Amino acid sequence: MSEAISSSRSLHRLLYSSRQKFGPGVDVDAEVEAIVLTSALNNALVGVTGLLLAHEGWFVQALEGPAQAVMTTYQRILNDPRHADSRVLSAGPAEQREFGDWDMCARRISATDDAILTTLAQRQAFDPTTLSAAAALRLLKTVAGIKQRTTRVA
Ligand code: FAD
């Protein structure tokens, strides 16, 4: 019993990708912003942090926090009609938070984000389902690094 409790509270990280599913004429930036606002409120209550990348019709998201909170959050996200074809890239215990600065933040890649473009350079079209767990984590950490730098400047 105590092992189960300690495991449900220990730090976990889940990475997944999914396809954006917005109707025609929908303002994707506004929708993503709304998702981030809801996420920041909900995630702060349960100790979940993370990063949401929106790029070329895809989402890639990292969720980290107590195992139970991460799984409950992911289950709720799975039911959201604003995306589909969710695919877990990795899930399991983590030694430390990589995205601890954010209850949730979102980032779209711009053409000037050289570091990210370098990370993505090996593929013709962005397809996160082909990313290994390590490559997905590297990508999101690169995005987080750029986000941190641009947030400091702004
Ligand atoms: P309610 O607000 O009661 O909504 C009921 C249902 O409607 C839910 O299935 C909800 O998903 C859906 N819904 C809500 N708003 C809209 C809308 N504008 N258009 C269409 N359907 C809608 N939430 C978090 O708490 N943490 C996260 O980290 C997080 N990440 C997300 C990442 C992605 C890619 C997406 C698409 C959503 C994410 N969300 C996240 C939002 C999450 O899916 C839920 O919408 C939110 O947590 C509210 O859940 P609820 O059960 O209270 O739904």
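These questions and answers cover the sheet, the helices and the ligand shell of a predicted model.

Trainee: What makes strand S4 and strand S5 the edge strands of the sheet?

Mentor: The open sheet has five strands in the order S4-S1-S3-S2-S5, with mixed pairing. Strand S4 (83-93) and strand S5 (105-108) each pair on one side only. The average twist from one strand to the next is 15 degrees.

Trainee: Why do strand S2 and strand S3 count as paired?

Mentor: Pairing needs at least two bridges. Strand S2 (residues 49-55) and strand S3 (residues 58-66) are joined by seven bridges, so the two strands pair. They run antiparallel, and Leu51 stands opposite Ala62 in S3.

Trainee: Which strands does helix H2 touch where it packs on the sheet?

Mentor: Helix H2 (residues 28-46) touches strand S1 (11-20), S2, S3 and S5. Its direction makes about 150 degrees with that of S5. Helix H3 (residues 67-78) also packs on the sheet, and touches S1, S3 and S4. The direction of H3 makes about 150 degrees with that of S3.

Trainee: Why is the pair formed by Asn43 and the ligand called a polar contact?

Mentor: The cut-off for a pair of N or O atoms is 3.5 Å. A polar side-chain atom of Asn43 lies 2.8 Å from a nitrogen atom of the ligand, so the pair qualifies. For Asn42 the distance is 3.0 Å, to an oxygen atom of the ligand, and this pair therefore qualifies too. A polar side-chain atom of Arg82 lies 3.3 Å from an oxygen atom of the ligand, which is also within the 3.5 Å limit.

Trainee: How much of the ligand does the protein cover?

Mentor: The protein covers 65% of the 900 Å² of accessible area that the ligand has on its own.

Trainee: What makes up the shell around the ligand?

Mentor: The ligand is surrounded by 20 residues, and the closest are Ser39, Asn42, Asn43, Arg76 and Asp80. At least two residues come from each of H2, S3 and H3. H2 gives the largest share, six residues. By type, the shell holds eight nonpolar, eight polar and four charged residues.

Note on methods:
Residues numbered from 1 in each chain as written. Predicted model: local features only at pLDDT ≥ 70, side-chain atom pairs only at ≥ 80, totals over all residues. Heavy atoms only, no water. Helix = DSSP H or I, 4+ residues; strand = E, 2+ residues; numbered from the N terminus. Axes fitted to C-alpha atoms, helices over the stretch in contact; angles between N-to-C directions. Contact = heavy atoms within 4.5 Å. Near = heavy atom within 4 Å. Polar contact = N/O pair within 3.5 Å; in protein donor to acceptor, adjacent residues only side chain to side chain. Areas by Shrake-Rupley, 256 points an atom, 1.4 Å probe, with all protein chains shown as cover. Nonpolar A, V, L, I, M, F, W, Y, C, P; charged D, E, K, R; others polar.
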